[in-house]
Amino acid sequence: MSGDREGQSFEERLGKARASAGLDRPPPEGKPVSAADSGAIRIAMRLGVEIVAALVIAVVIGWGLDRLFHTRPWLMIAFVPLGAAAGLRNVFRAVGPGSKS
Amino acid sequence: MAAPTIDALSQFRLTTGLGPIGRAVNFTNSNEMMLIAVAIVVVLFAIGLRTRALVPGRLQSLVEAFYEFVYGMCVDNIGEEGRKFFPLVFTIFVFILLGNLLGLFPYFFAYTSGIVVTATMALFVFIFSTGVGFYIHGWRFLKFFVPDGVPGWMLPMLVPIEFISYLSRPVSLSVRLFANMTAGHVMLEVFAGFMIMLTATLGIFGAVASIIPLGLNVALIALELLVACLQAYVFAILTCLYLHDAVHMH
């Protein structure tokens with residue numbers, strides 16, 4: 001076959017190249033299906049609260065600063081997008097790359 | 001005929017326990033359940049570890065499984081320093097787990113369904129982990145709020161986001177446990193109420209039809225068992241993750 005070289009098939013050489021480039025991750029250790037399911041449930045239960053919690057904190061901070069500086073409602077309006085961003089940050093930290101879960 | 005109504009929230013009402021003495025000092029049924037949970041843990045561990053056999057019996061292996069499970073969680077998530085925090089994580093895990101599980105019994109009060117209790121524990125974890133961060137790193141711990149590799153002009157926007165995200169930890173930690181436990185108990189009560197309503201309004205047909213909510217309740221109890229263990233696990237593992245952030249700052 002034209003793709004064969006040095007007695008190695010194309011598949012073997014491709015696998016070798018991918019492995020040396022770090023493209024192929026070692027297969028995950030055989031976890032039982034139930035463990036994967038409970039992991040998914042765990043993540044789903046974590047995430048719903050994360051966004052809301054950050055938003056609540058942001059609104060409370062904005063409301064408090066408004067009371068302090070008598071600028072209602074501008075600081076609260078300014079803090080809501082920050083809170084939404086912080087909520088998404090929480091979610092990314094929980095499930096994004098580099099997370100443990 | 002006064003139709004029975006579903007009063008799903010009265011189960012969370014705090015009453016006083018321990019008779020007149022409890023009334024005098026406002027000792028609630030929630031406190032009562034906490035004492036029972038702690039007593040169960042202490043007695044279980046005292047009996048389980050009494051023999052200290054090389055080949056453990058049933059009770060001893062249960063206790064050792066608990067210990068090793070939480071120990072592994074600490075070391076895996078915090079690192080080698082996690083051993084120092086093992087007593088804290090273990091206490092939190094067992095306290096919440098027993099609270100959740102005991103709350104599933106009829107007439108038992110689930111103290112983890114009170115946001116006062118969960119918020120207290122979450123605030124303690126939050127303040128403790130922040131204190132650990134400042135204790136280990138000093139003022140350099142404030143760099144935790146400055147993400148790595150970000151151009152300087154973006155920092156005025158990113159630091160508040162990181163700060164809000166940090167402050168939201170105790171909120172999400174406490175609300176998650178509280179909401180899961182409360183929702184589960186409300187669902188159980190609502191379906192149990194359906195059975196009474198069906199029987200009261202449809203007579204014998206209703207009694208037969210109430211097999212459906214009964215079956216749902218059986219399935220719900222299984223789900224609640226899962227949720228009880230899962231939420232204790234989630235609370236403990238998030239405690240570990242926050243301590244990891246405090247110890248390693250990334």
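Two residues count as being in contact when they have heavy atoms within 4.5 Å of each other. Keep that in mind for the views below, which come from a predicted model.

**View 1. Chain B meets chain A.** Here 25 residues from chain B and 21 residues from chain A take part in the contact. About 2,000 Å² is buried between the two chains, and carbon and sulfur atoms give 72% of that area. Look for B:Ile161, B:Ile164 and B:Arg176: these three supply 26% of the area that chain B buries against chain A, more than any other three residues.

**View 2. Charged and polar pairs across the interface.** Three salt bridges are found between chain B and chain A. One of them joins the side chains of B:Glu162 and A:Arg93, at 2.9 Å from N to O. Six residue pairs are in polar contact across this interface. On the side of chain B that touches chain A, the elements giving two or more residues are α3, α6 (155-202) and α8 (211-248) of chain B. Of these, α6(B) gives the most, with 14 residues.

**View 3. Helix α2 of chain B and its two sides.** This helix runs over residues 29-48, and its end C-alpha atoms are 28 Å apart, which agrees with the 28 Å that 20 residues should span at 1.5 Å a residue. Its buried residues include B:Met33, B:Met34, B:Ala37, B:Val41 and B:Phe45. Seen down the axis of α2(B), the buried residues fall within an arc of 155°, so they line one face of the helix. They pack against α3 (58-78), α4 (86-103) and α5 (115-137) of chain B. On the other side of α2(B), you will find B:Leu35 and B:Val42 exposed.

Technical notes: Residues are numbered from 1 along each chain as its sequence is written. Chains are lettered from A and ligands numbered from 1 in the order in which they are written. This is a predicted model: local features need pLDDT of at least 70, side-chain atom pairs count only at pLDDT 80 or more; totals for chains, interfaces and linings use all residues. Side-chain values use heavy atoms; hydrogens and water are left out. Helices (H or I, at least four residues) and strands (E, at least two) are DSSP runs, numbered from the N terminus. The expected span of a helix is 1.5 Å times one less than its number of residues. Buried means under 20% relative accessible area, exposed over 50%, partly exposed in between (1.4 Å probe, protein chains only). The arc is that of the directions from the helix axis to the C-beta atoms. Buried area is the accessible area (1.4 Å probe) that two parts lose on being put together, summed over both. A salt bridge is a side-chain nitrogen of Lys or Arg within 4 Å of a carboxyl oxygen of Asp or Glu. A polar contact is a pair of N or O atoms within 3.5 Å; within protein, one must be able to donate a hydrogen and the other to accept it, and residues adjacent in sequence count only if both atoms are side-chain atoms.
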